[in-house]
4 protein chains.
Amino acid sequence: MAGNTFGKLFTLTTFGESHGEAIGGIIDGCPAGIEIDLDLVYRDMERRKPGQSKIVTQRKEPDSVNFFSGIFEGKTTGTPIGFNIVNTNQKSHDYSHIKDTYRPSHADYTYDQKYGVRDYRGGGRSSARETASRVAAGAIAKQFLKDIKINAFVDSVGEIHMTTPYQELDFDKIESNIVRCPDEAFAEKMIDKIKEIRKAGDTIGGTVMCVIQNVPVGLGEPVFDKLHAELGKAMLSINAVKGFEYGSGFHGASMLGSEHNDLFNADGSTKTNLSGGIQGGISNGMDIYFRVAFKPVATIMQNQPTIDKEGNATEMQGKGRHDPCVVPRAVPIVEAMAALVLADYMLLNKGSKI
Amino acid sequence: MAGNTFGKLFTLTTFGESHGEAIGGIIDGCPAGIEIDLDLVYRDMERRKPGQSKIVTQRKEPDSVNFFSGIFEGKTTGTPIGFNIVNTNQKSHDYSHIKDTYRPSHADYTYDQKYGVRDYRGGGRSSARETASRVAAGAIAKQFLKDIKINAFVDSVGEIHMTTPYQELDFDKIESNIVRCPDEAFAEKMIDKIKEIRKAGDTIGGTVMCVIQNVPVGLGEPVFDKLHAELGKAMLSINAVKGFEYGSGFHGASMLGSEHNDLFNADGSTKTNLSGGIQGGISNGMDIYFRVAFKPVATIMQNQPTIDKEGNATEMQGKGRHDPCVVPRAVPIVEAMAALVLADYMLLNKGSKI
Amino acid sequence: MAGNTFGKLFTLTTFGESHGEAIGGIIDGCPAGIEIDLDLVYRDMERRKPGQSKIVTQRKEPDSVNFFSGIFEGKTTGTPIGFNIVNTNQKSHDYSHIKDTYRPSHADYTYDQKYGVRDYRGGGRSSARETASRVAAGAIAKQFLKDIKINAFVDSVGEIHMTTPYQELDFDKIESNIVRCPDEAFAEKMIDKIKEIRKAGDTIGGTVMCVIQNVPVGLGEPVFDKLHAELGKAMLSINAVKGFEYGSGFHGASMLGSEHNDLFNADGSTKTNLSGGIQGGISNGMDIYFRVAFKPVATIMQNQPTIDKEGNATEMQGKGRHDPCVVPRAVPIVEAMAALVLADYMLLNKGSKI
Amino acid sequence: MAGNTFGKLFTLTTFGESHGEAIGGIIDGCPAGIEIDLDLVYRDMERRKPGQSKIVTQRKEPDSVNFFSGIFEGKTTGTPIGFNIVNTNQKSHDYSHIKDTYRPSHADYTYDQKYGVRDYRGGGRSSARETASRVAAGAIAKQFLKDIKINAFVDSVGEIHMTTPYQELDFDKIESNIVRCPDEAFAEKMIDKIKEIRKAGDTIGGTVMCVIQNVPVGLGEPVFDKLHAELGKAMLSINAVKGFEYGSGFHGASMLGSEHNDLFNADGSTKTNLSGGIQGGISNGMDIYFRVAFKPVATIMQNQPTIDKEGNATEMQGKGRHDPCVVPRAVPIVEAMAALVLADYMLLNKGSKI
């Protein structure tokens with residue numbers, strides 16, 4: 001109920017600042033008897049990890065996850081799964097330059113105003129480092145979901161928009177390139193763009209698309225906890241996200257009803273899927289797909305005028321190792337949050353009928 | 001916790017099907033001592049009401065709200081505020097044509113699959129009639145919020161996009177025309193478009209923009225319950241919504257960090273506001289603004305092929321009184337949900353510091 | 001989440017002051033497809049109703065329940081069940097004598113201090129009239145629970161303690177007498193005692209015992225939401241309750257382990273049941289039984305010294321129509337709250353295993 | 001919302017099995033700016049620790065708490081406080097004798113039935129080892145509560161009931177003896193009793209009383225989340241608890257209204273306090289006091305007949321190091337749970353008035 005718990009029945013509660021002792025979390029409500037392959041956790045951690053390629057931050061953090069409970073002899077026990085990820089990197093930097101200075105478009109100012117005190121080192125709680133816990137938990141949720149397949153990928157970087165419909169993509173190619181765009185021609189352009197932006201000491205935004213397949217009919221809890229509403233909240237809770245759309249999305253707002261309606265096949269599936277796999281807030285068995293907009297990273301390698309705690313004008317120097325574009329590393333985070341939502345709604349749906 | 005409750009401390013729980021006895025709700029957690037002007041409730045109900053103009057559905061529903069509790073001698077008492085709105089219209093129609101037939105892009109199919117039984121009359125629980133309870137509750141929340149001003153308006157209808165920046169708009173003009181667009185030149189075009197679409201027996205989508213002013217710094221509960229994440233969920237829970245973006249939104253995803261960062265003034269306000277009034281999930285005191293995409297209404301006045309419960313092919317006839325475009329009536333609903341989120345986060349924020 | 005919602009998945013939210021327009025509630029999360037017999041609701045309402053016998057308050061309140069939604073063609077639809085009970089009696093009394101005066105051991109003072117404003121008429125929200133909504137909802141929950149049988153009965157009135165073990169009682173006799181004690185010899189003594197106390201213008205406390213049979217193994221959500229912990233909270237939330245014990249209860253605290261352990265039969269049942277049907281917070285399939293202590297009603301027909309809002313000494317006159325002993329009417333309330341807990345935990349348990 | 005989170009705003013989520021890698025938890029919602037003295041945490045951990053005296057289990061567990069986040073430069077930051085306690089003892093025992101055997105009046109059988117799989121080593125999740133996390137979190141909550149003083153102590157062991165009214169006790173003497181009874185004459189008798197019981201290879205129950213002083217008026221969230229209802233749930237969630245009563249408790253059920261009513265002083269305080277500091281579910285500023293009944297520990301040093309997983313008769317041998325009486329070590333656990341409830345209700349109360 002406090003803001004660091006996500007979900008109702010399959011819940012994740014996280015803790016941790018970027019430069020404290022450790023980050024981590026507790027998964028509660030995961031059903032018993034699920035076989036857990038820890039390699040699948042590590043694989044997703046690798047996909048989120050800093051330093052994994054030339055187009056992401058060059059910080060080195062091993063990000064190994066320690067599981068403390070809830071898994072016994074290779075299976076979940078139905079009890080909470082506690083874990084942490086030690087911050088090995090936390091003493092190597094000097095943060096005096098941001099201690100009393102508010103970085104533009106960061107959360108320094110708002111945390112200070114809200115809480116009156118903050119761990120200023122590396123962004124503290126507002127750092128995207130926190131999403132490592134989400135990825136670890138999402139990897140457990142994916143194993144509960146089993147046949148439900150969640151594939152996220154980079155859809156655009158800056159003005160470069162992949163135009164290939166998702167149905168024509170080979171999701172196995174997502175990991176074949178460092179920007180995680182399954183269309184290799186677009187991937188190349190995106191990578192070049194990010195390199196160019198990095199060289200200029202700037203950053204750039206992008207979008208991630210996510211497709212969820214093999215979803216059972218019936219997930220969603222109207223009228224407030226519609227499936228897409230919770231997916232939207234999940235995505236908007238990720239650092240740097242500015243927008244969410246599913247199915248026809250914003251484009252659908254300019255369409256006619258006669259164009260937009262998805263006509264039925266005899267088996268209840270639909271001929272088109274502008275609905276995005278959800279009708280009335282409940283999954284209809286078609287693919288769920290949505291897009292997530294990420295703003296450019298606020299930390300740029302350029303000097304910017306700003307203020308300190310007392311409101312005095314000062315200058316923020318661009319330094320450190322930061323991502324020029326967040327979307328390649330955001331892909332597993334989007335998948336993780338989608339997995340957490342789906343896992344929760346699978347459990348919530350169990351009470352719908354007697 | 002079940003899906004019909006919204007909020008954590010300032011909560012709204014709703015009930016009701018479009019053609020049952022009544023719809024209504026319970027507001028719980030509203031602080032004591034707030035003076036309630038019922039005329040402000042009635043005014044918002046009028047703005048959402050069917051039959052209010054030529055470009056909305058011509059159904060007649062008085063939608064008067066009966067308050068049962070929680071308000072005593074003109075003030076809230078801190079106890080739950082129960083209310084209902086009687087469905088006066090519920091026996092006047094014949095619903096046999098939709099009893100066993102699934103309307104395309106409606107929730108008939110998914111409700112039936114999820115619950116195994118459904119009140120098929122007029123959409124039942126999945127009808128947008130349910131939003132009347134939200135508007136009633138939102139009107140109470142607005143009175144708690146007092147100086148926080150929430151103004152929503154129509155931003156686009158189909159391809160007609162108002163291009164005027166919101167800072168140049170006069171919000172007092174929102175109610176001066178029936179489409180609720182404060183730029184009268186655009187309003188006229190939108191109205192013409194909707195009339196044209198209605199004549200064709202079709203429907204059209206649109207977008208609603210919402211601006212929230214005088215928000216105190218500090219609202220938002222990271223890391224999952226960020227203020228914009230809850231606003232997004234609130235909007236996505238409204239019928240027909242396909243997308244949500246705040247601040248720079250999807251456009252921000254194609255920008256550079258050097259363009260996107262909001263530089264500070266000495267008082268902590270920012271020179272630009274691409275952040276949309278929220279940084280790190282916490283309000284920073286600048287205007288909060290966001291856009292909501294509504295798909296075209298699924299009920300069109302044209303015959304459509306569809307299936308019945310047994311999967312047999314059949315035809316859905318276009319009849320009844322329905323909105324050709326949902327956005328004019330969606331304006332007070334967007335405001336209501338924004339008010340409910342803000343009210344909740346005002347209370348949640350009280351525990352941030354000692 | 002605010003204080004007027006009970007349960008997590010099968011939830012009841014209530015509203016209403018004793019002398020407002022109406023009281024009522026919303027049941028959310030009740031599974032779809034349950035056949036509802038409204039006569040069973042009315043029967044439980046009759047058991048709680050004022051004026052039902054000579055040993056309860058002589059106020060006349062018909063307490064008929066209006067259901068607004070969620071039940072269609074005799075079955076639940078999985079959508080929220082809204083209902084109210086109109087306060088027909090609300091204008092017949094003069095409450096000026098308690099408007100500014102705090103009744104001893106009532107909630108007048110604490111409500112005033114907490115909320116700063118209160119509906120003083122007849123106790124307002126703190127009146128036990130609110131429990132009528134619980135009984136209505138509990139009667140729905142019982143129909144969901146079906147084979148799980150919940151029987152509450154009066155166990156003691158003042159010093160008169162029924163000593164018959166519950167296994168020897170015929171629960172069909174609970175309704176055979178006006179005090180609702182299934183042992184008729186004790187019932188007679190209790191009725192005489194209450195009549196004597198009433199004549200003296202005084203009130204007396206008592207205890208209610210509740211036995212739940214045919215409970216499936218596995219209900220309970222450790223470590224905090226143990227089944228008995230939630231039953232305890234449910235009972236302690238009823239007006240005038242001062243204590244709760246289950247199984248061996250307070251007596252168990254003076255026993256030895258060698259006496260207290262319940263040894264197993266081959267089928268997993270136990271030879272004794274000092275555990276009260278719950279081990280480690282999870283039902284074990286044996287009968288669940290617990291006892292609830294009710295203090296004497298605070299409103300007595302005697303004058304008492306007290307204070308007014310300004311702290312001035314004044315006198316509270318004993319008048320009105322009140323219960324001399326609350327336990328006969330508390331029996332259906334205890335059952336209702338037990339039913340709500342069980343219904344909730346039935347749904348929560350669905351996610352325990354895959 | 002899953003069962004391992006306690007509280008609404010000031011929340012504790014715990015994880016861990018007795019013989020897994022570690023136990024621990026996350027405190028979320030603790031306000032920012034509270035100075036934390038870790039010695040106060042360690043002091044409470046010492047009070048709960050095994051091996052602390054001759055009348056408790058002789059297991060050696062250092063129980064040092066590692067804090068990972070949420071405390072910075074000696075103050076809380078308003079972000080989650082993650083911590084763990086490593087299980088140093090976990091490999092030293094052989095648990096093959098309980099792997100497939102159900103210990104009488106333990107949770108082995110119910111966990112197996114509910115989850116289908118369980119960590120059988122030392123009770124796993126159902127072990128009282130889990131309460132160490134509660135004590136750590138309670139020690140943080142106490143520092144937030146500051147002037148609210150919570151003192152628990154042993155009230156009875158078996159048939160030995162301390163008869164001294166709590167008002168005559170010197171709470172500073174609670175820690176002066178190993179049974180934690182502030183009346184030394186009774187303490188001595190209790191200690192002798194426990195030694196005698198231990199020698200017999202048996203165990204014995206007891207009760208803990210708790211007194212909370214300096215509570216502000218207004219804590220409690222009627223009608224379901226009354227302050228005493230949540231205190232009751234908190235206590236009933238502790239291992240081995242069978243009953244809870246506050247104020248006059250079960251004894252109050254045999255009293256007359258004319259005896260039981262607490263008459264007011266001019267300042268709103270009351271001359272007597274049979275209400276136990278709570279009226280209508282809301283604190284009235286008087287001392288809150290309650291009693292908690294603990295059954296005898298189920299693990300006895302005697303052989304007992306029982307069954308295995310297949311329902312075959314077998315014998316459970318009495319061995320290992322276990323508490324002959326749980327109440328001396330339960331004292332800090334009762335205090336911790338009381339502190340968690342109070343902290344939560346302090347935050348919940350902030351929204352009562354505008």
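Here is a friendly conversation about a predicted model, covering chain A and then some residues of chains A, B, C and D.

Trainee: Before we begin, how are residues numbered, and what kind of model is this?

Mentor: Residues count from 1 along each chain as its sequence is written, while chains are lettered from A and ligands numbered from 1 in the order in which they are written. Side-chain values use heavy atoms, with hydrogens and water left out, and local features need pLDDT of at least 70, side-chain atom pairs count only at pLDDT 80 or more, and totals for chains, interfaces and linings use all residues, since this is a predicted model.

Trainee: How many helices and strands does chain A have?

Mentor: Helices (H or I, at least four residues) and strands (E, at least two) are DSSP runs, numbered from the N terminus. On that basis, the secondary structure of chain A comes to nine helices and 17 strands.

Trainee: What is the radius of gyration of chain A?

Mentor: The radius is taken over C-alpha atoms, and the globule rule is 2.2 Å times the number of residues to the power 0.38. For 354 residues the rule gives 20 Å, and chain A is close to that, so it is as compact as a globular protein of that length. The radius of gyration of chain A is 21 Å.

Trainee: Which percentage of the residues in chain A is buried?

Mentor: Buried means under 20% relative accessible area, exposed over 50%, and partly exposed in between (1.4 Å probe, protein chains only). Of the 354 residues in chain A, the buried ones make up 71%.

Trainee: What share of the contacts in chain A with a separation of 6 or more comes from residues 24 or more positions apart?

Mentor: Contact means heavy atoms within 4.5 Å. Among contacts in chain A with a separation of 6 or more, residues 24 or more positions apart account for 70%.

Trainee: How many salt bridges does the structure hold over all chains?

Mentor: Side chains of opposite charge can pair when their charged atoms come close. A salt bridge is a side-chain nitrogen of Lys or Arg within 4 Å of a carboxyl oxygen of Asp or Glu. Over all chains, the structure holds 96.

Trainee: Which residue meets B:Lys142 in a salt bridge?

Mentor: The N to O distance in this salt bridge is 2.7 Å. The pair links distant parts of chain B, 98 residues apart, with B:Lys142 in helix H4 (residues 131–145) and its partner in helix H1 (residues 38–48). That partner counts as buried because its relative accessibility is 3%. The residue is B:Asp44.

Trainee: Which residue of chain C forms salt bridges with both D:Asp225 and D:Glu230?

Mentor: D:Asp225 meets its partner at 2.6 Å, N to O, and that pair crosses between chains, from the loop between strand E11 (206–213) and helix H6 (227–236) of chain D to helix H6 (residues 227–236) of chain C. For D:Glu230, the closest N and O atoms are 3.0 Å apart, and this pair joins two chains because D:Glu230 lies in helix H6 of chain D and its partner in helix H6 of chain C. D:Asp225 is buried at 2% relative accessible area, and D:Glu230 is buried at 8%. The shared partner, itself buried with a relative accessible area of 8%, is C:Lys233.

Trainee: Which residue of chain D is in contact with C:Ser283?

Mentor: C:Ser283 lies in strand E14 (residues 282–283) of chain C and is buried, with a relative accessible area of 0%. Leaving aside neighbours within four places in sequence, its contacts include C:Leu227 and C:Ile288. The residue of chain D is in helix H3 (residues 108–115), is buried at 0% relative accessible area, and is D:Thr110.

Trainee: Is A:Lys146 buried or exposed?

Mentor: A:Lys146 has a positive phi of about 55° although it is not a glycine, and it lies in the loop between helix H4 (131–145) and strand E9 (149–157) of chain A. Its relative accessible area is 60%, so A:Lys146 is exposed.

Trainee: And is C:Arg180 buried or exposed?

Mentor: C:Arg180 also has a positive phi, about 65°, although it is not a glycine. C:Arg180 lies in the loop between strand E10 (160–161) and helix H5 (184–199) of chain C. Because its relative accessibility is 5%, C:Arg180 counts as buried.
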